[in-house]
Amino acid sequence: MTTTTPVLSVPTPSAAFERSTIERRDVGAHDVAFDVAFCGICHSDIHQARNEWAEGIFPMVPGHEVAGTVTAVGDEVTKFAVGDRVGVGCFVDSCRECENCEAGEEQYCLKGEVPTYNGRFYEGGDTYGGYSKHFVVHEDYTLRIPEGISLEEAAPLLCAGITTYSPLHHWGAGPGKKVAIVGMGGLGHLGVKIAVAMGAEVTVLSQSLKKEEDGRRLGAQHYHATEDKQTFKDLRGTFDLIVNTVAANLPVDKYLSLLRLDGAMVNVGIPSDADSFHAFSLAGMRRSLAGSKIGGIRETQEMLDFCAEHGIGAEVEVLAPEPAVIDEAYERVVASDVRYRFVIDMAALED
Ligand code: NAP
Ligand code: ZN
Ligand code: ZN
């Protein structure tokens, strides 16, 4: 049995958005149903809607920064009740059995976690994301949005927040550590806030100085333009950790040269083309080049609670759920013209 829900979808790769409907399963014994209040626009939505990574599944309903309020729960649900404020991030199921699932790192599920959209459920059927009026998800893949963060500021935490929190936490950002965040976009601005709250000394490496005032307001102690050659000379050998959030290819060797002994550069930005670098850039200072993908359910909840405790939410621009508005927003994200996350007011989508 299914229920029809209104959505904003892309019928074919790179096509304009349109209003349509999809079918969602009815609430099962372990499911939570919620009305989506806001859904963030992540740059990954654009990569996928435009087939920049791999062949996507169309029609596509993007959106994996989903926040709303519970309207119904299944008979066996114990963690959530009607009226709770909840969220869904980048996946809606995983095998629950492999060593990574057992370790609470479901995003690295060995069977392949089920993506919130542009994926297929294990039992069959395509997944559809949060550019949708209503959502149904298993309670184990549902997050609780703590009091003190509004739903629009919380939605982007479900992807952008956890994607920066997880590597900052894993690589030990904290007092005495010098951390650089590359790119002041959706991920980057949250990375700055979170790294500052963890107690690290934070530098923003942005293409220009246009957003410097914002970066300093978010707590960054230092701000440099990467278009200025002097930046790479001045900051050589400085950082313990660089989190690279850029959606385009960067000259990796230049960035690695900014790491001190044993420093690590972690790529969370995923450009469509491969990067290249020279082994000397790593060997010379025992540096590491790594990557990181979102975070598990337990860590995502930990991140939400951490953000609530430190008064951290995304800086958002709220959009009407109109196809043309979303098309324009995609162009603005690609042009780095958003401060700092678009969220779509999904409650305003007509039933
Ligand atoms: P975004 O809002 O577009 O931010 C990216 C930022 O990168 C821009 O604001 C810009 O910052 C900088 N930038 C853009 N083009 C650049 C270029 N050509 N050279 C140098 N810097 C450039 O995107 P986002 O939503 O934060 O996502 C960023 C990337 O992370 C995307 O590739 C996305 O798919 C990926 N992602 C990965 C994960 C994961 O789990 N690993 C999760 C979510 C997203 P400045 O203006 O400050 O230079
Ligand atoms: Zn995302
Ligand atoms: Zn698994």
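**Group meeting: strands, zinc sites and unusual backbone geometry**

I'll start at the C-terminal strand: glutamate 317 has phenylalanine 342 in strand 17 as its bridge partner. That contact belongs to the pairing of strand 16, residues 316–319, with strand 17, which is parallel and runs over 4 bridges. Before going on, I should say that this is a predicted model.

Strand 17 also pairs with strand 3, residues 31–40, this time in the antiparallel sense and over 3 bridges. There, cysteine 39 stands opposite isoleucine 344. Of the 5 residues in strand 17, which spans 341–345, 4 are buried, so the strand is largely enclosed by the rest of the structure.

Just ahead of that strand is a backbone detail to check on screen. The peptide bond from arginine 339 to tyrosine 340 is cis, and its omega is near -10 degrees. Tyrosine 340 sits in the loop between helix 11, residues 323–334, and strand 17. A second cis bond joins phenylalanine 58 and proline 59, with omega about 0 degrees. Proline 59 is in the loop between helix 1 and strand 4.

That loop takes us to the metals. Which residues coordinate the zinc ion that is ligand 2? They are Cys42 through SG, His64 through NE2 and Cys159 through SG, at 2.0 to 2.2 Å. The sequence spacing of these donors is C-x21-H-x94-C. Histidine 64 lies in the loop between helix 1 and strand 4, and cysteine 159 in the loop between helix 3 and helix 4, so the pair links distant parts of the chain, 95 residues apart. Both histidine 64 and cysteine 159 are buried.

The other zinc ion, ligand 3, has Cys95, Cys98, Cys101 and Cys109 as donors, each through SG, at 2.3 to 2.4 Å. Along the chain they follow C-x2-C-x2-C-x7-C. Cysteine 98 is in the loop between strand 6 and helix 2, and cysteine 109 in the loop between helix 2 and strand 7, so the pair ties together parts 11 residues apart in sequence. What is the arrangement around this ion? The 4 donor atoms subtend angles of 103 to 121 degrees, which makes it tetrahedral. For reference, the ideal angle for four tetrahedral donors is 109.5 degrees. Cysteine 98 is buried at 11% relative accessible area, and cysteine 109 is buried at 7%.

Next, the parallel sheet. It is open and has 6 strands, in the order 12-11-10-13-14-15. Strand 12 and strand 15 are the edges, each with a single partner strand, so one side of each has no neighbour in the sheet. The twist averages 20 degrees from one strand to the next. Strand 13, residues 239–244, pairs with strand 14, residues 259–267, over 5 bridges; one of the bridge partnerships is asparagine 244 with asparagine 267. Helix 4, residues 160–170, packs on the sheet and touches strands 10, 13 and 14, with its direction at about 160 degrees to that of strand 13.

Two phi values to finish. Most residues other than glycine have a negative phi. Asparagine 118, in the loop between strand 7 and strand 8, has a positive phi near 55 degrees and is buried at 17% relative accessibility. Arginine 286, in the loop between helix 9 and strand 15, has a positive phi near 50 degrees, but this residue is exposed, at 56%.

Methods. Residues are numbered from 1 along each chain as its sequence is written. Chains are lettered from A and ligands numbered from 1 in the order in which they are written. This is a predicted model: local features need pLDDT of at least 70, side-chain atom pairs count only at pLDDT 80 or more; totals for chains, interfaces and linings use all residues. Side-chain values use heavy atoms; hydrogens and water are left out. Two strands pair if DSSP finds at least two bridges between them. Helices (H or I, at least four residues) and strands (E, at least two) are DSSP runs, numbered from the N terminus. Axes are lines fitted to C-alpha atoms, for helices over the stretch in contact, and angles run from 0 to 180 degrees between N-to-C directions. Contact means heavy atoms within 4.5 Å. Donors are N, O and S atoms within 2.8 Å of the metal (3.2 Å for Na, K and Ca); water is not among the atoms, so sites may look incomplete. Buried means under 20% relative accessible area, exposed over 50%, partly exposed in between (1.4 Å probe, protein chains only). Four donors count as tetrahedral if all angles lie between 85 and 135 degrees; four count as square planar and six as octahedral if opposite donors are over 155 degrees apart and all others between 65 and 115; anything else is irregular.
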